[in-house]
Amino acid sequence: DATVEVNGLRKRFGATRALDDMTFTVRPGVVTGFVGPNGAGKSTTMRIVVGLDRPDEGSALVGGAAYRTLKRPLTHVGALLDASALQPSRTGRDHLLWLARSQGLGPRRVDEVLGLVGLGPAARRKAGGYSLGMRQRLGIAAALLGDPPVLLFDEPFNGLDPEGIVWIRGLLRSLADGGRAVLVSSHLMSELQDVAGHLIVAGRGRVVADRDVEGLIAAA
Ligand code: ADP
Ligand code: ADP
C-alpha cells in the first residue's frame with residue numbers, strides 16, 4: 001500500500017513554528033501537488049516523511065508504517081530533496097552506481113534510470129560542472145533507482161528550462177499512472193496546475209485547502 005498519511009505534524013525550530021498541525025493524505029495513482037509560499041512547511045513535512053527530521057508531535061506513515069521501521073526504505077520511498085550533495089570530481093553516473101550498490105542494484109538499473117531522466121552521455125561528466133537542471137535530473141534518477149511505490153519531489157521544477165518542465169510533467173504523470181503515490185511541491189501554482197490531480201495548499205505550517213483539481217481546472 002503506497003498511501004502516505006501525514007497526521008497532525010507539529011515542529012518548531014527555536015521560535016519558528018514550521019509545522020502547526022499539518023495533516024493530509026497522498027494516494028496512489030494521482031499526482032498530488034503540494035503548493036504554498038516559501039516557508040509554508042513543505043520541505044519540513046517531506047523531510048519528516050523520510051525520517052530526516054523528527055516531528056515534535058504527530059506522525060507520518062507510509063503504507064501504515066513509520067519510515068524508520070521500514071526494512072528496505074529506499075524500495076518504499078524515493079525522494080528528491082533540496083541540494084543533495086554531489087562530489088564535484090565524480091561523475092553523475094558514479095554517484096548513482098554508489099547509491100545503487102548500497103541498494104543491491106547494478107549498473108544496468110543505473111543506466112536505465114539515467115535514460116529515464118534524459119541524462120545519458122552527460123552522466124559521464126564530472127558533477128562539478130552540472131547545471132541545477134542536471135543536478136535535479138540526477139536527483140530524480142536517484143529517487144527512481146529502487147523503483148519505489150512512493151515518490152516525493154521537493155521543488156523539482158527549479159532550474160529546469162521550459163523543455164525540462166514539460167518533460168518532468170510527463171514523468172510525474174506516468175509515475176502516477178503506474179499506480180505510484182507522487183507528492184510534488186512547488187511555491188508556484190502555475191507549475192502544478194497542469195499536472196496535479198489533487199492539490200494540497202499549505203500556509204504557515206498547515207493545510208489551507210485540500211481537494212481534487214480536475215474540476216477546478218476545467219472550470220477555470
Ligand atoms: P517550505 O518548504 O514550504 O519553503 P520549510 O519547511 O523549508 O518551508 O520551512 C518552514 C519554516 O521552518 C520556515 O520558516 C523555515 O525558515 C523554518 N526552518 C526549516 N528548517 C529549519 C531549520 N533546520 N532550522 C531553522 N529553521 C528552519
Ligand atoms: P572509499 O573511501 O573506499 O571510496 P566508500 O565508497 O564507502 O569508500 O565511500 C566512503 C564515503 O564517501 C561514503 O560513505 C559516502 O559518503 C562517500 N561517497 C563515496 N562515493 C560516493 C559517490 N559516488 N557519491 C556520493 N558519495 C560517495
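This is a tour of a predicted model, going from one sheet to the other and ending at a few single residues.

**First stop: the sheet of 4 strands**

Select strands 1, 2, 4 and 5. They form an open sheet in the order 2-1-4-5, and the pairing is antiparallel. Strand 2 (16–26) and strand 5 (65–66) are the edges; each has a single partner strand, so one side of each lacks a neighbour in the sheet.

Next, go to the edge at strand 5. Strand 4 (residues 57–62) runs antiparallel to strand 5, and 2 bridges join the two. To find the pairing on screen, pick Leu 61, whose bridge partner in strand 5 is Ala 66.

Now add helix 1, residues 42–49. Helix 1 lies across strand 1 (4–13), strand 2 and strand 4, and runs at about 115° to strand 1.

Before leaving this sheet, select Thr 3, in the segment before strand 1. Is Thr 3 buried or exposed? Its relative accessible area is 15%, and the cut-off for buried is under 20%, so Thr 3 counts as buried. Show what surrounds Thr 3: apart from neighbours within four places in sequence, its contacts are Thr 25, Val 26, Pro 28, Leu 61, Val 62 and Gly 63. Leu 61 in that list is the residue whose bridge partner is Ala 66.

**Second stop: the sheet of 6 strands**

Select strands 3, 6, 7, 8, 9 and 10. These 6 strands make an open sheet with the order 6-7-8-3-9-10 and mixed pairing. Strand 6 (77–80) and strand 10 are its edge strands, each pairing on one side only. From one strand to the next, the twist averages 15°.

Start at the strand 6 edge and step inward. Strand 6 pairs with strand 7 in the parallel sense over 4 bridges, and Val 77 has Val 150 as its bridge partner in strand 7. Helix 4 packs on the sheet here, touching strand 6 and strand 7, with a direction at about 170° to that of strand 6.

The next step is from strand 7 to strand 8. The two run parallel and are joined by 5 bridges; Leu 151 stands opposite Val 182 in strand 8. On to strand 3: strand 3 and strand 8 also run parallel, with 5 bridges between them, and Gly 33 is opposite Val 184 in strand 8.

Stay on strand 8 and colour it by accessibility. How many of its residues are buried? The count is 6 of 6. Ala 181, Leu 183 and Ser 185 are buried on one side, and Val 182, Val 184 and Ser 186 on the other, so both faces are covered.

**Third stop: helix 5**

Select residues 162–177, which make up helix 5. This helix has 16 residues and spans 23 Å from first C-alpha to last, close to the 22 Å expected at 1.5 Å a residue.

Show the side chains of Gly 164, Ile 165, Ile 168, Arg 169, Leu 171, Leu 172, Leu 175 and Ala 176, which are the buried residues of helix 5. Turn the view to look down the axis of helix 5: these buried residues fall within an arc of 165°, so they line one face of the helix. An α-helix has 3.6 residues a turn, so residues three or four places apart point the same way. On the other side of helix 5, Pro 162, Glu 163, Val 166 and Asp 177 are exposed.

What do the buried residues of helix 5 pack against? Their partners are strand 3 (31–35), helix 4 (132–144), strand 7 (150–154), strand 8 (181–186) and helix 6 (189–192). After helix 5 comes Gly 179, with a positive phi near 95°.

**Last stop: three single residues**

Select His 198, in strand 9. At 14% relative accessibility, His 198 is buried. Its side chain makes a polar contact of 2.6 Å with the side chain of Asp 210, and another of 2.7 Å joins it to the side chain of Asp 212. Beyond its neighbours within four places in sequence, the contacts of His 198 include Val 31, Thr 32 and Gly 33.

Move to Arg 204, in the loop between strand 9 (198–203) and strand 10 (206–212). Arg 204 is not a glycine, yet its phi is positive, about 50°. Its relative accessibility is 75%, which counts as exposed.

Finish at Asp 147, in the loop between helix 4 and strand 7. Asp 147 is likewise not a glycine and has a positive phi of about 50°. With a relative accessible area of 44%, Asp 147 is partly exposed.

Notes: Residues numbered from 1 in each chain as written. Chains lettered and ligands numbered in written order. Predicted model: local features only at pLDDT ≥ 70, side-chain atom pairs only at ≥ 80, totals over all residues. Heavy atoms only, no water. Pairing = 2+ DSSP bridges. Contact = heavy atoms within 4.5 Å. Axes fitted to C-alpha atoms, helices over the stretch in contact; angles between N-to-C directions. Expected span 1.5 Å × (residues − 1). Buried < 20%, exposed > 50% of the residue type's maximum accessible area, 1.4 Å probe, protein only. Arc of directions from axis to C-beta. Polar contact = N/O pair within 3.5 Å; in protein donor to acceptor, adjacent residues only side chain to side chain.
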